[in-house]
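Work through the following exercises with the sequence and the coordinates at hand. Each task is followed by a solution that goes step by step.

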Amino acid sequence: MACKRVGIIGSGQLGRMMALAGTPLDVEFVFFDEAQGSPCSQLGRMIQPSSDNALKDFISSVDVVTYESENTSLELVREINKQKPVYPPELSLGKSQHRLTEKTEFNDLGIDTAKFKRVTSKQELASATAELGFPIVVKTTTLGYDGKGQAVIKTAADVDTAWEQLGGSELIAESFVNFSRELSVIAARGVNGEIKIYPIAENMHQDGILRVSRVPVKGLSPEKEQQAKDFITLLLNHLGHVGVLTLELFDCEGGLVANEMAPRVHNSGHWSIEGSFCSQFENHVRAICGMPLGNPEAKQAASAMINVIGKNGDRNCVLANSNAHLHMYGKSERLNRKLGHINVFADTEKEVEDNLVKLADFIEECG
Ligand code: AMP
């Protein structure tokens, strides 16, 4: 008999890694998703939302429900919540679905962000550039991910193009943040309010997609580390969050600036599968099931995670590297699709970098 039955809305790689982490804890998983042959198909029962009595069946098959994406329907979460707990809570999901409410919430809690303005017309976009100063970043307020749904306006001449590209819906105009690097802080909060914070990661993106995360962050001052921990603690408690929460940050001269949060396990925390004592996936499952949380500290002096994107590559060269772990998601090849990741660890940051160089051919091959 399973100790808990967890329902997951979605059945992608995040659900897969939650199930892989939760199964040894005697937790059973049920996935609510239309997709056939998905990364989760071997790991539990799949219920297709379009099938007869799907929602009723899903709700009665589980003790608690979670989700993989910040774009999960709030309406669906509210409906399920009438009968079974859904974690992270509706408040965390709702706030993270809208860039304006999210950034307003950050500022209300004393968490710095870029200056921002709401924009609903070309005229307002032009006046936002006057108010914020060039360059600015314009984004759709909802449904943007991996750098999609956004444009940079460098001069007045770019306003028309940006409006044509993104206009029609509500936008957020942000001042351009001069950051030296991008960081993320991930933490889990239990039903009883217990909080565990992972070491901060440094994230390298290319074409708007995360490529590499490294832990620890080289030369991060203790003040900034504390700032990141304070930010996420404030958010977790304010939201009454249960489960994992991720906060993406810009590292700036004067301190950290928050960009966005995700009420879920995150690509920049995949290193924790072998890199920490208790991975973000296990701690998410523990949190939503009301179990005590595990130790998020790094086991290794240095870790890195590299995404396998678009193509599968020759995996034998990863398997031959004793400092590397391959995690494939069972997905077919497609341009810019995240197909898997490799975790690398070593006793020194230099050794990790040397291993990344050794894996360079594989990564190159994977686009
Ligand atoms: P987002 O969709 O908000 O995660 O943004 C995608 C990427 O665009 C970020 O990872 C940053 O590299 C960049 N970016 C977003 N907002 C800003 C900003 N206000 N200033 C500078 N760069 C930004």
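**Exercise 1.** In this predicted model, identify the polar contacts of the ligand with Arg 99, Ser 175 and Val 177, and then describe the shell around the ligand.

*Solution.* Begin with the side chain: a polar side-chain atom of Arg 99 lies 3.0 Å from an oxygen atom of the ligand. Turn next to the backbone, where a polar atom of Ser 175 is found 3.1 Å from a nitrogen atom of the ligand, and where a polar atom of Val 177 lies 2.8 Å from a nitrogen atom of the ligand. Then consider the surface: the ligand taken alone exposes 480 Å², of which the protein buries 88%. The elements that contribute two or more residues to the shell are S6, S8 and strand S14, which spans residues 255-262. There are 13 residues around the ligand, and those that come nearest are Lys 139, Gln 150, Val 177, Glu 182 and Glu 260. Finally, sort the shell by character, which gives five nonpolar, three polar and five charged residues.

**Exercise 2.** Determine the strand order of the open sheet with antiparallel pairing, explain what sets S5 and S7 apart within this sheet, and place the helices H5 and H7 against it.

*Solution.* Reading across the four strands gives the order S5-S8-S6-S7, with antiparallel pairing. Strand S5 (116-119) and strand S7 (150-153) each have a single partner strand, so they stand at the edges and one side of each is left without a neighbour in the sheet. From one strand to the next, the twist averages 25 degrees. For the pairing in detail, take S5 and strand S8 (residues 171-175), which run antiparallel and are joined by four bridges; Phe 116 has Glu 174 in S8 as its bridge partner. Helix H5, residues 99-108, packs on the sheet and touches S5, strand S6 (136-140), S7 and S8, with its direction at about 150 degrees to that of S5. Helix H7, residues 158-166, lies across S5, S6, S7 and S8 and runs at about 175 degrees to S7.

**Exercise 3.** Carry out the corresponding analysis for the open sheet with parallel pairing, and find the helices that pack on it.

*Solution.* The order of the four strands is S3-S2-S1-S4, and their pairing is parallel. At the edges are strand S3 (45-47) and strand S4 (64-67), each of which pairs on one side only. On average, and with direction ignored, neighbouring strands of this sheet are turned by 30 degrees against each other. Strand S1 (residues 4-9) and S4 run parallel and are joined by four bridges, and Gly 7 stands opposite Val 65 in S4. Two helices can then be added: helix H3 (residues 74-81) touches S1, strand S2 (27-32) and S4, its direction making about 160 degrees with that of S1, while helix H10 (residues 280-288) touches S1, S2 and S4, its direction making about 145 degrees with that of S4.

**Exercise 4.** Locate the backbone features at Pro 88, Pro 216 and Asp 207, and assign each residue to its loop.

*Solution.* As background, most residues other than glycine have a negative phi, and most peptide bonds are trans. The peptide bond from Tyr 87 to Pro 88 is cis, with omega near -5 degrees, and Pro 88 belongs to the loop between H3 and helix H4 (90-96). The bond from Val 215 to Pro 216 is likewise cis, with omega near 0 degrees; Pro 216 is placed in the loop between strand S12 (209-215) and helix H8 (222-239). Asp 207, although not a glycine, has a positive phi of about 50 degrees, and the residue is found in the loop between strand S11 (201-206) and S12.

Definitions and conventions: Residues are numbered from 1 along each chain as its sequence is written. This is a predicted model: local features need pLDDT of at least 70, side-chain atom pairs count only at pLDDT 80 or more; totals for chains, interfaces and linings use all residues. Side-chain values use heavy atoms; hydrogens and water are left out. Two strands pair if DSSP finds at least two bridges between them. Axes are lines fitted to C-alpha atoms, for helices over the stretch in contact, and angles run from 0 to 180 degrees between N-to-C directions. Contact means heavy atoms within 4.5 Å. A residue is near a molecule or strand if one of its heavy atoms lies within 4 Å of it. A polar contact is a pair of N or O atoms within 3.5 Å; within protein, one must be able to donate a hydrogen and the other to accept it, and residues adjacent in sequence count only if both atoms are side-chain atoms. Accessible areas come from the Shrake-Rupley method with a 1.4 Å probe; for residues, only the protein chains shown count as cover. Ala, Val, Leu, Ile, Met, Phe, Trp, Tyr, Cys and Pro count as nonpolar, Asp, Glu, Lys and Arg as charged, and the others, Gly among them, as polar.
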